[in-house]
Amino acid sequence: MAIREIVPHTDNFLRKKSKSVKKFDETLWELLDDMKETLNANPGAGLSAVQVGVLKRVFIIDINNMQIEFVNPEIIKTKGEQYKKEGCLSVKLPFEFVRRPFEVTVTAFDRYGNKFTLTCEDWTAVCICHETDHLDGVLYIDKTCTPPEGYEEEEDD
Ligand code: CO
């Protein structure tokens, strides 16, 4: 395993669209293991393969110290909305509000090619949306907004 270098947002590589994974083989497992180690070494809640220089539709998220791997993820359903301040390991700029669905249902494959479906809400939903955007070359700084008046942001200290 190895900690990989994180591509900064100033590099146009992050704007490329990632390609679907076809082979669930050792190359994928090594990528996922390295991504986990890289995320452990950095203060983030998620990391996509494009951020370590690999254009594959793969990301991991870290929720309550549990890492979940997503290969070829697809958001198939969304519900509600929320505004939270997002940051990104590739973007060395202040956190900004982004509008996201409050709940998302996502299908993806694990590292062995087994398909699963997950419905998540709140911060986990934000993470999944943020990382899915990375796979299409989209960054949170493209989507910053001001929450509607009267919207109450829960303080997260
Ligand atoms: Co990011």
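Okay, let's start with one residue: E69 is buried, with a relative accessible area of 11%. Keep in mind that we're looking at a predicted model here.

So who does E69 pair up with? Its partner is K36, and the two side chains meet in a salt bridge at 3.0 Å, N to O. K36 lies in helix α1 while E69 is in strand β3, residues 66-79, so this pair ties together parts that are 33 residues apart in sequence. And is K36 buried or exposed? Somewhere in between: K36 counts as partly exposed, at 22% relative accessibility.

Now stay on helix α1, residues 26-40, because D33 sits there too. D33 forms a salt bridge with R111, and the closest N and O atoms are 2.8 Å apart. That one links distant parts of the chain: R111 is in the loop between β6 (103-109) and β7 (115-121), 78 residues apart from D33. R111 is buried, at 11% relative accessible area, whereas D33 is partly exposed, at 24%.

Put those together and you get a network of salt bridges linking D33, K36, E69 and R111.

One more pair for you. E81 forms a salt bridge with R99, with 2.8 Å between the closest N and O atoms. E81 lies in the loop between β3 and β4 (82-88), and R99 is in strand β5, residues 91-100, so parts 18 residues apart in sequence get tied together. E81 counts as partly exposed, at 38% relative accessibility.

And how many salt bridges does the structure hold? The count is 12, and the pairs I showed you are among them.

Key
Residues are numbered from 1 along each chain as its sequence is written. This is a predicted model: local features need pLDDT of at least 70, side-chain atom pairs count only at pLDDT 80 or more; totals for chains, interfaces and linings use all residues. Side-chain values use heavy atoms; hydrogens and water are left out. A salt bridge is a side-chain nitrogen of Lys or Arg within 4 Å of a carboxyl oxygen of Asp or Glu. Helices (H or I, at least four residues) and strands (E, at least two) are DSSP runs, numbered from the N terminus. Buried means under 20% relative accessible area, exposed over 50%, partly exposed in between (1.4 Å probe, protein chains only).
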